[in-house]
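Q: Got a minute to go through this one with me? I'd like to talk about the packing.
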Amino acid sequence: MSVERLKIPEPISGGIILSYRCNSRCKHCMYACSPRWKGDWMSEEDAGRIIEILARKLSKAPPGLIGVNYGVHLTGGEPFLNFELLLKATKMAEEAGLPFTFVETNCFWCRDDRTTREMFSELKAAGLDGVLISVNPFLVEYVPFERIKRAVRIAEEVFGGNVMVYQRLFYELFDRIGLKGTLSFEEYLRRIGRSSLAYMELLPMGRAVYKLAHLFKGYPASKFFGLSCRRELIRDWHIHIDNYCNFIPGYCGGISLGDARELDKLCSEGIDLEEMPILKHLLTDLEGLYRLAADLGYEEREEGYISKCHLCLDIRRYLVRRGSFPELKPIEFYEHLDD
Ligand code: SF4
Ligand code: SF4
């Protein structure tokens, strides 16, 4: 395939980020969500258009795929901050015939049984198939564990087997130690120990590379030279579309392959890489990206980089302030990494 024009495969699963706004600002958040985002939500018109496109594309996906990385999930940020939109998007997904739709939540809103049951039941009646409940050491810094427990109990009543607790291991751990309320990450490390993080499916990208870098070994930039992200950038599963309709490859927050409302065109005609130099380098060799940034004054971090995503993000964060790069979107993502 020519590197000058990139063809994007038709997605078979994905997430719709209704907003980057979240009540939490987890240290590991791949999309740098937080309460400090100005709180733009996807318009109903865009939601309808995106859902209609995904319904068409996903009808070609292999049947029976249900899980964290399959179907379509409505997410954020925290989607329950705008229950009205979440409910409308669910109804639209049902009407469009999306094969499996679930919502991802951090459960901050599960303050009492009655409201929790009512909201889950309303979504179920509107056509929602399941729920993914997040549990991890970073989230319980913000959300009291009792609310997460309540959400799991009531979601299982309402949705039966279609409740994914991610990661179950941390749910059981917090349950076992009788956690009440929230737990700071420092306290978590003191009580549970750092070795437990080995069990966490922690992707060293997004906010994590700044907030958690001290937990990992840093390497010089040259360690990642010769690597490309072709596999991550052009995969057909678990893509994301944000509230600005950016088509985000995989988990690569802050990178847009184009306007998802034009997904048919993106898939059939591809995108012109001449207009997207950062993307072009990422598809070939990270060294090229490093050289491009160095020519514009970027200096290697003395502390090194914990992963190739760290190097990639640190460079993008530098470049976004020094030029106009259409593939670096949304710009606000880069402003909220330190939140
Ligand atoms: S990881 Fe989830 S709960 Fe935490 S800040 Fe990001 S979107 Fe919010
Ligand atoms: S290095 Fe950049 S493009 Fe590659 S997977 Fe990580 S964030 Fe995505």
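Q: How many residues are in the largest nonpolar core, and which have the most contacts inside it?
A: This is a predicted model. Its largest nonpolar core has 119 residues. Phe80, Phe120, Ile133 and Ile148 have the most contacts inside that core.

Q: Which helix gives the most to this core?
A: Helix H4, residues 145–159. H4 puts in eight residues.

Q: Back to phenylalanine 120. What does it touch?
A: Leaving out residues up to four places away in sequence, Phe120 touches Phe80, Trp109 and Val131. Its other contacts are Ala151, Ile154, Ala155, Val158 and Phe159.

Q: Now H3. Which of its residues are buried?
A: Thr116, Met119, Phe120, Leu123 and Ala126.

Q: Why do they line one face of the helix?
A: Look down the axis of H3: the buried residues fall within an arc of 125°, so they line one face.

Q: And what is exposed on the other side of H3?
A: Arg114 and Ala125.

Q: What do the buried residues of H3 pack against?
A: Helix H2 (83–96), strand E5 (130–134) and H4.

Q: Different topic, helix geometry. How far does H3 reach from its first C-alpha to its last?
A: 20 Å, over 14 residues (113–126). That is close to the 20 Å expected at 1.5 Å a residue.

Q: What caps the N-terminal end of H3?
A: Aspartate 112. One of its side-chain oxygens lies 3.1 Å from the backbone nitrogen of arginine 114.

Q: And what follows H3?
A: Glycine 127, with a positive phi near 120°.

Conventions:
Residues numbered from 1 in each chain as written. Chains lettered and ligands numbered in written order. Predicted model: local features only at pLDDT ≥ 70, side-chain atom pairs only at ≥ 80, totals over all residues. Heavy atoms only, no water. Core = buried A, V, L, I, M, F, W, Y, C linked by side-chain atoms within 4.5 Å. Buried < 20%, exposed > 50% of the residue type's maximum accessible area, 1.4 Å probe, protein only. Helix = DSSP H or I, 4+ residues; strand = E, 2+ residues; numbered from the N terminus. Contact = heavy atoms within 4.5 Å. Expected span 1.5 Å × (residues − 1). Arc of directions from axis to C-beta. Polar contact = N/O pair within 3.5 Å; in protein donor to acceptor, adjacent residues only side chain to side chain.
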